[in-house]
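Trainee: Please take me through this structure one question at a time, with the reasoning set out before each result.

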Amino acid sequence: MTAPGPAADATPTALPARAEVVVIGAGIVGAAAARSLAEQGRDVLLLERYPRGHEHGSSHGATRIFRQGYDADDYVSLTSEALAAWRTLESASGRTLLDLTGALDHGRPEMLSAIEAAMTRGGIASERLTPEQASDRWPGLRFDREVLHHATGGRLYSAEAIEALLDLAEVAGATLRFGVRVTGVEPAESNDPTADVDGAVVRTELGDVVADHVVVAAGSWTPDLVGDLARSVGRPLPEIVVTQVQPAHFPSELAADAWPSFVHYPAEGSSVYGLLTPGEGVKVGLHGGAVHVHPDERDGLAEPEELARLTAYVAEWVPGVDASAPHTISCLYDLSPSEDFVIDRIDSIIVTTGFSGHGFKFGPVLGRLIAELVDGAEPHPRFALAAHAVPVAPSASAFALPQSPEGTAP
């Protein structure tokens, strides 16, 4: 794979005083937004606190799952758009970004039935298998009750994808600056009380930048940057829960084509996901995370009880790997109560967060949605701040936890 781009500037230089659009964050969401906006011909300045390709947030690592297995029609439709968009990005960048290895869901019958029905409505072919049939085809996995397979799932090469988006943003004219910490975002003000002032001010350690539009794509840091502002205008963010999660790679002697991406919905406990990362092993993780953190204070160390839960699961359900030899990974999750994304506008500031668990697969589509907000469009109804003001239960949209009788995750 292509190595990550250059690290932060050795000698920081001054930022421009103005930009048409400032994008804060160079993870999958910020990179996709910068690319979409720059290709519209806008003057884009992307600011990232850490070096290029860093591991402090939610977007690092070599692979992510691509799947169309949702129980909601709008998400299914967005996965179909994303599938086409990833192929377009591959052509534009000359990189391999998506391998369709197939995707499996297994476990709770009601979850699989809802996913199957939504995919059928969305024109996505799937097939039902018994656990015995599935084990014959994929001997590295043990299956629970019912199995649903669709061929249009697989794995994304996530590090490559972000680099592709950043490279194309730069080719289209965006300015990318790494090692620049943003300390605040505020609406622009004027000394003239009669003036109609648009835009916003981005406060950084290298000085302020005035922009016509600001896209806050800072993931787990977004509430720190704009949470107070959102509350002050009566449009608060949902409570974003930030956790440190720790999937792990497990070694396997099976051939690469023995591993589809998979999600297991057990009768109890969190859902579990997995896929092969070529050259590293089979990545398996528990959805969500038990260790609540502030993004500036995480230690990146594996929590022993969580690791024990994960290895016990793998020993029981993933016979094709060595469960005794995990190589742990640490990353941040930022989740809204519904596990839906936040993508909305507060005046000239586009606010985005809550993508962890299932956002990466939509990368290029998220860039489009953000660019449309900058153009003045209305937000996608599911991702609007107003939608988050009404409590709803998580669904299979995000590998949901089992539902209690009240319809909320336990």
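**Loops, helices and cores**

Trainee: Where is the place of arginine 145?

Mentor: The model is a predicted one. In it, arginine 145 comes after helix H4 (131-137) and before E7, being in the loop between H4 and E7.

Trainee: Is arginine 145 buried, partly exposed or exposed?

Mentor: Its backbone deserves a remark beforehand: arginine 145 is not a glycine, although its phi is positive, about 65 degrees. Buried requires under 20% relative accessible area and exposed over 50%. Arginine 145 has a relative accessibility of 37%, so the class is partly exposed.

Trainee: Glutamate 146 is found in strand E7; at what distance does a polar contact join its side chain to that of arginine 128?

Mentor: Glutamate 146 is at 29% relative accessibility and therefore counts as partly exposed. Beyond four places in sequence, the residues it touches include Asp105, His106, Leu112 and Arg128. With arginine 128, the side chains form a polar contact of 2.3 Å.

Trainee: How far apart in space are the C-alpha atoms of glutamate 146 and arginine 108?

Mentor: In sequence, 38 residues separate glutamate 146 from arginine 108. In space, C-alpha to C-alpha, the separation is 7.2 Å.

Trainee: Which backbone nitrogen does the side chain of serine 158 reach?

Mentor: Serine 158 lies in helix H5 (residues 158-171). Its relative accessible area is 0%, so serine 158 is buried. Apart from residues up to four places away in sequence, serine 158 touches Ser59, Gly61, Ala62, Thr63, Arg64 and Phe360. At 3.1 Å, its side chain reaches the backbone nitrogen of threonine 63.

Trainee: Why does the distance between the end C-alpha atoms of helix H8 (residues 363-374) agree with the expected span, and what is that distance?

Mentor: The expected span is 1.5 Å times one less than the number of residues. For the 12 residues of H8 this gives 16 Å, so agreement is found with an end-to-end C-alpha distance of 17 Å.

Trainee: How many residues of H8 are buried?

Mentor: Among the buried residues are Gly363, Leu366, Leu369, Ile370 and Leu373. Their cover includes strand E1 (18-24), helix H1 (28-39), helix H2 (73-93), strand E12 (207-216), strand E21 (342-346) and strand E22 (349-353). H8 is mostly covered, the buried count among its 12 residues being 10.

Trainee: Which glycine takes a positive phi just after H8?

Mentor: The phi in question is about 105 degrees. The residue that takes it is glycine 376.

Trainee: Which residues have the most contacts inside the largest nonpolar core?

Mentor: That core has 68 residues. Its largest share, eight residues, comes from H1. A second, separate core has 32 residues, including Leu15, Tyr50, Ile349 and Val351. Inside the largest core, the residues with the most contacts are Trp86, Val215 and Ile343.

Trainee: Which residues is isoleucine 343 in contact with, leaving aside its neighbours within four places in sequence?

Mentor: Isoleucine 343 contacts several of the buried H8 residues, namely Leu366, Leu369, Ile370 and Leu373. The list is completed by Val351, Thr352, Phe355, Pro379, Phe383 and Ala384.

Trainee: Are the rings of tyrosine 75 and phenylalanine 341 stacked, tilted or edge-to-face?

Mentor: A pair of aromatic rings is described by the distance of the centres and the angle of the planes. Here the centres are 5.9 Å apart and the planes of tyrosine 75 and phenylalanine 341 are at 80 degrees. Planes over 60 degrees apart meet the criterion, so the pair is edge-to-face.

Trainee: How many residues apart are tyrosine 75 and phenylalanine 341?

Mentor: Both tyrosine 75 and phenylalanine 341 are buried, and both belong to one aromatic cluster with Tyr70, Phe355, Phe362 and Phe383. Tyrosine 75 is in helix H2, while phenylalanine 341 is in the loop between strand E20 (331-335) and E21. The pair thus links distant parts of the chain, with a separation of 266 residues.

Trainee: Is glutamate 339 buried or exposed?

Mentor: Glutamate 339 is found in the loop between E20 and E21. Its phi is positive, about 65 degrees, although it is not a glycine. With a relative accessible area of 9%, under the 20% limit, glutamate 339 is therefore buried.

Trainee: What percentage of the residues of the protein count as buried?

Mentor: The protein has nine helices and 22 strands. Its accessible surface comes to about 16,400 Å², with 52% belonging to carbon and sulfur atoms. Of its 410 residues, the share that counts as buried is 55%.

Terms used:
Residues are numbered from 1 along each chain as its sequence is written. This is a predicted model: local features need pLDDT of at least 70, side-chain atom pairs count only at pLDDT 80 or more; totals for chains, interfaces and linings use all residues. Side-chain values use heavy atoms; hydrogens and water are left out. Helices (H or I, at least four residues) and strands (E, at least two) are DSSP runs, numbered from the N terminus. Buried means under 20% relative accessible area, exposed over 50%, partly exposed in between (1.4 Å probe, protein chains only). Contact means heavy atoms within 4.5 Å. A polar contact is a pair of N or O atoms within 3.5 Å; within protein, one must be able to donate a hydrogen and the other to accept it, and residues adjacent in sequence count only if both atoms are side-chain atoms. Accessible areas come from the Shrake-Rupley method with a 1.4 Å probe; for residues, only the protein chains shown count as cover. A nonpolar core is a set of buried Ala, Val, Leu, Ile, Met, Phe, Trp, Tyr and Cys residues joined through side-chain atoms within 4.5 Å. Rings of Phe, Tyr and Trp (its six-membered ring) pair if their centres lie within 6.5 Å; planes under 30 degrees apart count as stacked, over 60 as edge-to-face and the rest as tilted.
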